[in-house]
Amino acid sequence: MTPRAAQLLDDAGRMIFSARDELETQGAAVAAQSASTAMLNLAQACLDMDGLAPTTTQAVCVAYGDRFARTRRLYSAYHRWILDSADLGRAASGQITAPIDSDSAATAIERAEIFRDAVERFLDRNG
């Protein structure tokens, strides 16, 4: 695992932890934003393994889909989770209009935790 991938993995873990707390204290939108950031960090950690460092949300989503979902290097449903999380993050930041409730934020956090575990195992085996 590269130092950058390790840092992204650690950052994602902190964001997930924060999202759990934020859901209780600051509301669904704040928690959704943290979960979205965690998912993107995890996708970037995977991409770092291939020497890629996309900087925009869209570029991360596309590159992850091309490198990991289509090739089935990781479970393809994770790509859908990344896309859904990115949409939730855009809604939380006001870039798009969409409702954010506690259930959708909690689902995003749970998915981020599952994805983090999968990425960590993947990077340990392959990085």
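**Notes on the helices of this model**

1. Let's start with helix α2, residues 28–49. With 22 residues at 1.5 Å each, α2 should span 32 Å, and its end C-alpha atoms are indeed 32 Å apart, so the expected and computed lengths agree. Keep in mind that what you are looking at is a predicted model.

2. How sure is the predictor? Mean pLDDT for the protein comes out at 93, with 99% of residues at 70 or more. Confidence is highest in helix α1 (residues 3–25), at 96, and lowest in helix α4 (residues 77–92), where the mean is 94.

3. Back to α2: how many of its 22 residues are buried? The count is 17, so α2 is mostly covered, given that buried here means under 20% relative accessible area. Just past the end of α2 sits glycine 51, with a positive phi of about 80°.

4. Next, look at how α2 meets helix α3 (residues 57–69). Their axes come within 10 Å and cross at roughly 50°. That angle makes α2 oblique to α3. As for handedness, the α2 and α3 crossing is left-handed.

5. Which residues make up that meeting of α2 and α3? On the α2 side you'll find Leu40, Ala43, Gln44, Cys46 and Leu47. Facing them from α3 are Thr57, Val60, Cys61, Ala63, Tyr64, Arg67 and Phe68.

6. Now for α1. It has 23 residues and reaches 33 Å from its first C-alpha to its last, close to the 33 Å expected at 1.5 Å a residue. Its buried residues are Ala5, Leu8, Leu9, Ala12, Ile16, Ala19, Glu22 and Leu23. What do they pack against? The buried residues of α1 pack against α2 and α5 (102–126). After α1 comes glycine 27, which has a positive phi near 105°.

7. Two residues in α4 are worth a click, and serine 85 is one of them. Is serine 85 buried or exposed? Its relative accessible area is 5%, so serine 85 is buried. Setting aside neighbours within four places in sequence, serine 85 is in contact with Ala35, Ser36 and Met39.

8. The other is aspartate 87, also found in helix α4. Its relative accessibility is 34%, so aspartate 87 counts as partly exposed. Try finding alanine 98 from there: the two residues are 11 apart along the chain, and their C-alpha atoms are separated by 8.7 Å.

Technical notes: Residues are numbered from 1 along each chain as its sequence is written. This is a predicted model: local features need pLDDT of at least 70, side-chain atom pairs count only at pLDDT 80 or more; totals for chains, interfaces and linings use all residues. Side-chain values use heavy atoms; hydrogens and water are left out. Helices (H or I, at least four residues) and strands (E, at least two) are DSSP runs, numbered from the N terminus. The expected span of a helix is 1.5 Å times one less than its number of residues. Buried means under 20% relative accessible area, exposed over 50%, partly exposed in between (1.4 Å probe, protein chains only). pLDDT is the predictor's confidence in each residue, from 0 to 100. Axes are lines fitted to C-alpha atoms, for helices over the stretch in contact, and angles run from 0 to 180 degrees between N-to-C directions. Angles under 35 degrees count as roughly parallel, over 145 as roughly antiparallel, 65 to 115 as roughly perpendicular and the rest as oblique. A crossing is left-handed if the near helix is turned anticlockwise from the far one by less than a right angle, and right-handed if clockwise. Contact means heavy atoms within 4.5 Å.
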